[in-house]
Amino acid sequence: MSSYTYKRVFLVVMDSVGIGEAPDAEKFGDIGSNTLGHIAEKMNGLKMPNMEKLGLGNIGEIKGIEKQQQPLAFYTKMQEASNGKDTMTGHWELMGLHIETPFRVFPEGFPKELIDEIESKTGRKVIGNKPASGTEILDELGAEHMQSGALIVYTSADSVLQIAAHEEVVPLEELYQICEIARELTLDEKYMVGRIIARPFIGNPGEFRRTANRHDYALKPFDRTVMNELKDSGYDVISIGKIEDIYDGEGITKALRTKSNMDGMDKLVDSLKMEFTGLSFLNLVDFDALYGHRRDPIGYGKALEEYDARLPEVFELLTNDDLLIITADHGNDPTHEGTDHTREFVPLLIYSPRMSQGTEIPSRKTFADVGASIADNFNVKAPKHGESFIHELNRG
């Protein structure tokens, strides 16, 4: 195992928490987007005193969050370099990859040719085939599915093909086999679907409930990431939440599942209490899934405040040998038209108790600077993309 600067790095991705339109926002139809800024306006001011102390208000104008003369963290914003604004693109770039060919999204549903192939190879008809909320589509089509046995296929703003089926109508093993078939069919470049997701549910019309038997079939990263380098060098890589799915298990030594943002914060606190050397990597998905896509700025704002209220538990457990990095993977401005992600800068806050105080560091041209910095910290092979900011931090 190589030498390191910080023994443990805790990377927190606030899923979709953008901080203002990126320079190329026009290309993505996202001029004027600002996830944090617009939520703060709708809330008549966000109350996030812990993120405020770190220096969040120094990165951009956010109503209710003051600029700090002496912020605790080093702060800046990052621009996405890859060609996309989805979860996998953002996360893969964070770990040192650069995506030229974007994952495809399907705002009009999937091509008839693909649906025909799924029906032919599974022996079941398909209903739905449109972007939808996972709970709403069960209300709409669940009863028809129970009568006919047809598969409910839907998508979202991410590159995903989701297949919902009642566990008493389509047994779990069959649903998983169907998803494996769909995964094979969508490996073709003309589809470029990031994830196939099995969405089993139970219950009766009017009271359907999704079960914990969800299973993701993701594309593997097309190249080695910093996580592979850490694992192969003997370091721990703890994934929390959907990180394991996003990287299809690559470079992970321990995976912790989560049910919600608050469960994610519980698991982060658990990892802070663990004895390990390496990376703890958390995704907080509720911001995106429950509030961004559903265009609910007030719910989003409350979720941000709830998350902020948990940070003192994190600060209390951090030691001088720990580094905390807080960022995001894309934007999802709940005041923007449609239900899509938004092409935005993301905040970057870097903190350790050993730092006397933070200050601004130069804006980053790629999310891959995070991966490059983690590789630099643990003295493992650097990714092909990104520049380390470790040397720019005050080591106290």
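**Two helices, one sided helix and a gathering spot**

In this predicted model, helix H1 meets helix H12 through Thr35, Leu36, Ile39 and Lys42 on the H1 side. Their partners in H12 are Pro297, Ile298, Tyr300, Gly301 and Leu304. Six residues of this contact are nonpolar, two are polar and one is charged. The two helices, residues 35-42 and 297-317, pack at an angle of about 100°, and their axes lie 9 Å apart. Angles of 65 to 115 degrees count as roughly perpendicular, so H1 is roughly perpendicular to H12.

Now turn to helix H5, residues 112-122. Its buried residues are Leu114, Ile115, Ile118, Glu119 and Thr122. They cover an arc of only 135° around the axis, which puts them on the same side of H5. An α-helix has 3.6 residues a turn, so residues three or four places apart point the same way. On the other side of H5, Lys112, Ser120 and Lys121 are exposed. The cover over the buried residues includes strands S3, S4 and S5 and helix H7. After H5 comes Gly123, with a positive phi near 75°.

Finally, look at three residues from a record. An unreviewed UniProt entry lists Asp15, Asp329 and His330 under "binding site". They span 316 residues in sequence, yet no two of their C-alpha atoms are more than 7.2 Å apart, so they gather at one spot. Asp15 sits in the loop between strand S1 and H1. His330 lies in the loop between strands S12 and S13. Asp15 is buried, with a relative accessible area of 0%. His330 is buried too, with a relative accessible area of 0%. Asp15 is in contact with residues including Lys242, Tyr300 and His330. His330 touches Lys85 and His341, among others.

Conventions:
Residues are numbered from 1 along each chain as its sequence is written. This is a predicted model: local features need pLDDT of at least 70, side-chain atom pairs count only at pLDDT 80 or more; totals for chains, interfaces and linings use all residues. Side-chain values use heavy atoms; hydrogens and water are left out. Axes are lines fitted to C-alpha atoms, for helices over the stretch in contact, and angles run from 0 to 180 degrees between N-to-C directions. Helices (H or I, at least four residues) and strands (E, at least two) are DSSP runs, numbered from the N terminus. Angles under 35 degrees count as roughly parallel, over 145 as roughly antiparallel, 65 to 115 as roughly perpendicular and the rest as oblique. Contact means heavy atoms within 4.5 Å. Ala, Val, Leu, Ile, Met, Phe, Trp, Tyr, Cys and Pro count as nonpolar, Asp, Glu, Lys and Arg as charged, and the others, Gly among them, as polar. Buried means under 20% relative accessible area, exposed over 50%, partly exposed in between (1.4 Å probe, protein chains only). The arc is that of the directions from the helix axis to the C-beta atoms. UniProt positions are given in the numbering used here, feature names are shortened, and annotations may be inferred rather than shown by experiment.
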